[in-house]
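Subject: Structure for you to look at

Hello,

Here is the structure I said I would pass on. Please open it first, then read the notes below it.

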Amino acid sequence: MRNILAELRGLFRREAESREMDEELRDYLDRAAEARVRTGIEPREARRSVRLEMGSVESLKDEISGLDWQAGVESVWRDIRFGVRLLLKRPGFTVVAALALAIGIGANTAIFSVIDALMWKRLPASRPEELYTLKRNEPGNTNEYMNYRWFERYRALTDVFADAAAITNQDRSNVTVNGASNESQVRVGLVTGNYFDVLGIKAGIGRAFTADDDRVLGGHPVAVLSYRYWQRIFGGDRAAVGRTFELNGTTYTVLGVTPGDFTGEWVGRPTDFWIPLAMLSEVLTELPLERVRGGRLNYEVLVRLRPRVSRAPAEAAAQVLYQTIWKERLGSQPELGQMRQAEQSRLELIPAMNGYSPQREMLKRPLAILTVSVGLLLLISCASVANLLIVRATGRQREIAIRLALGAGSARLLRQLLTESVMLSTLGGALGLLFAMWANSMLLGLVSAGPAQMGGGVTPDPVYLEVRPDGRMLAFTFSLSILTSVLFGLAPALRGIRSIGERSAAGLARTSLPGRALVVAQVALSLILLIGAGLFAGTLRRLQTQQLGLDRRHVLLVWTSLRQGARIFDRATPLFEQVPARLAELPGVESASASVYGLLNGSQSSGVDVAVPGRAPRADQDARALSDLVAPRYFETLGMRLVAGRDFNLRDNAKAPPVVIINEAMSRRFFGGTSPVGQRIDFGSVASNRSIAGGALGGARFEIVGVVSNAIHVGPRDRDGLMFYRPYAQDVPHLVSACLALRTAGPAATMADRVRQELRRLDSSLPVLRIDTVEQQLEDTLGQERLIAILTGFLGLAALSLACLGLYGVVSYSVARRTSEIGVRMAFGAMPDDILRMVMADTLSMVAAGIAIGMPVALAGARSIESQLYGVSATDAATVCGACGLMAAVAAIAGWLPARRAARVDPLTALRCE
Amino acid sequence: MTLVQGTLDMLILKTLALEPLHSYGIGVRIAQISQGVCEVGPGSLFPALRRLERSGHLSTKWRISENNRRAKYYALTAAGRKKLETETRDWELQTAGIARILLEGRNA
């Protein structure tokens, strides 16, 4: 400690020490010289020889004082001051370079922070590495969840699991606080009482509920609020604990509020409040009791391993139980297909320390595309700045040469030059951080884009993330800045020092070769980004303008919720019968109908296997079809064509024989040219079991009564998918939601208010979640595509401008260096046009080389994004040519400016400069 | 002839064991005693002195020298004396070992 203090004092005594050192060295020099004089050497010669031996006094001093850490600190400080002076001296260079770096670093930081929030952040639970979720992995079944009976059996595996909690997240919409009802949807976590204990999360205020709050069915009307919801609804009032709110007619008491950083185990879908699972029937009032308690509801199961139990034995134990459950499900005489399915099924333990999110899978591709894009952009930024540095370093050759001659070591100089790079990139990083915060809001728009889900399907919902600048983000930005500074700074620095010896040789080279190579690389990289951006823009345009198979302008869609108050079945039928009939009577409405799922709202059943007697689908052909339950006149209302057969009518009810209408795609797949009307099909588990077993389908249940034209259903890309429709009256238990459809005479949007009023008049308790046109719904569905197109377009343009900046720098520099050569040429009779042509040829040769390298790479890379494209091939000629053309045109302008300057060189002035 | 790695510190300490000296004097003394076999230039002498001073093996003092000039004199500290002892012992052990290996080679 005393040492450190002494050294610190030393820092302030540097001057004195330096003088002392000078004196000692001078003393040494004198004595050595005197000694030589005594051997008969002339005094001046003696001094000279000793000096030679000592080498540079400066470097000796540097070496001696380099032994002290304080000197190290001091010299770095000196480098920094020197660097600041240099950067201030060239503000233009500094601003351009810092901005170039800010774009590169900022874009990467923005992507990082979103990926971090979605994938890598740990749950604020205690020992999160012990947490796992159970996942069923069964061929032909997309349901990964558990029912309650299974959950109880896994929980009993106490040798490996310390505890287990079951969770089901439900969207509700009729919350009443202080007598005021809240229209917006809330997300309710229905969880077993031990949920917070399993996670090891304590309430921020009040208390969390425990297993004791989950004993009596219907007997624990208590809730724990999330921090966000508490802020939003109770304004962060600490007195909220103990107050009540109402949900579906039951009054709940607030027990506590979770800490601010906990939004539930499902990352990207924040839970608003948690209620003990014993209150399930009170929350999900629409489900019949036996269905809830009988456990057909899907639960996510969160387990905590016992201390010192690793994943493998726990998974093995769970697997044994899983196979036992399978055997029980199949009974004593399972079919062959079922046995095979059981054999191929596994139960997996998925680490849950980072939480859980089905959207990770969905967003993997878009985020990967963006990660690669911003990586390329950063490389381009680095190349631009490296280019600027090379140009500038050549201007600094004199300074560097003098300092080398004065005895500064090249390691010392290298450190100095790198210090400048680090400062530049730190500046860029700081600006980049600001840029990233702005870009984040856009990115969060990307991940939360997509239609809000109205129905009860299993399609993943949009993601809601909160990204605030935190330590991890800062650390990332800082490390990236350092890495960047090495990337762009090292080569120019080394070159600057090395080239001193070869100065005369360098003078002969027309332009700097590394500079040209960097420009070529920049052009190539930008071209890759531009082609990618073009492909995404093309995809978006195709999706927006494609034939939907239905009328996009004259259809109004009205989503209602059946999950309110009363049980659904008394309620659903009128929505499919009387309500459309009344709406159709409104002036301006031509026809009205209804379906369960509606269009383009992101929700849908996962699809079912279809089987047709005597026509087993080929192994390579997908026999999965989507389906919907519809009211009569549905196709007419949407503007779809009935190609053959008849529409449903009111006689197709529960007592009549079951019928279906299939779309043209399905007709073609299963019946080829022949008419399917009158044929029979079957679907669901019956179909999949039999087709796996390879047997013929006996008395198939459903008769085909009609064929309709193809139309989009769930998403903008599925127009030509297999689809069939059934009359709503023949499957009342599946009427989980309802979407009314109206065909209007004028533009659909103008009817929205009128329809809303009419619905309120018909049934004031019927919630209208949303009224939208098909056109608007399509736009919402395309949110992800649109944002990918916008972001890649933005990145592409940024890359293009950076590449042109690099090109401009290199050409200007080469023109400046060749001024005298150009003067000579003109003196010998070259016309300005010749000079212009010469410089432009030089420029375009670099661009051509960049395109020649970039295009094959881009085309190869485009294959990997093929699945994200629609209507454009990955090697779309128009896009590729357009990108190349744009690149060449903008580059030509960047090169033309300095070329024109070259053409205006006055030969006399140029030669006088020499 | 270049010095064996790491021996310069030992030579300096040994030289100063007799009496305090200034930097030039140290270099001259090493050359004299070794009869010109070991020559230490300023390029290695000054950093070595600085190192030893920093590590507390040497103390320094400005004094008036024999010809009435100010000079920086270096002297051994207690720690320096101890280091010299251990270094000498280690050196003897090492050279004896090395000598045995070299002689072994010659006899064969």
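Which residue forms a salt bridge with A:Arg47? The partner is A:Asp30, and the closest N and O atoms are 3.2 Å apart. Keep in mind that this is a predicted model.

The two residues sit in separate helices of chain A: A:Arg47 belongs to α3 (residues 43–54) and A:Asp30 to α2 (residues 14–38), which puts them 17 residues apart. A:Arg47 counts as partly exposed because its relative accessibility is 33%, between the 20% limit for buried and the 50% limit for exposed.

A second pair joins A:Glu130 and A:Arg304, with 3.0 Å between the closest N and O atoms. A:Glu130 is in the loop between α6 (91–120) and β1 (131–137), while A:Arg304 is in strand β11 (residues 300–305), so this salt bridge ties together parts of chain A that are 174 residues apart in sequence. Both A:Glu130 and A:Arg304 are buried.

A third pair is A:Glu328 with A:Arg153, at 2.8 Å from N to O. Here helix α12 (residues 311–330), which holds A:Glu328, is linked to helix α7 (residues 148–155), which holds A:Arg153; the two residues are 175 apart in chain A. A:Glu328 has a relative accessible area of 49% and is therefore partly exposed. A:Arg153, at 31%, is partly exposed too.

There is also a network of salt bridges, made up of A:Asp27, A:Arg31, A:Glu34 and B:Arg69. Over all chains, the structure holds 36 salt bridges.

Regards

Key:
Residues are numbered from 1 along each chain as its sequence is written. Chains are lettered from A and ligands numbered from 1 in the order in which they are written. This is a predicted model: local features need pLDDT of at least 70, side-chain atom pairs count only at pLDDT 80 or more; totals for chains, interfaces and linings use all residues. Side-chain values use heavy atoms; hydrogens and water are left out. A salt bridge is a side-chain nitrogen of Lys or Arg within 4 Å of a carboxyl oxygen of Asp or Glu. Helices (H or I, at least four residues) and strands (E, at least two) are DSSP runs, numbered from the N terminus. Buried means under 20% relative accessible area, exposed over 50%, partly exposed in between (1.4 Å probe, protein chains only).
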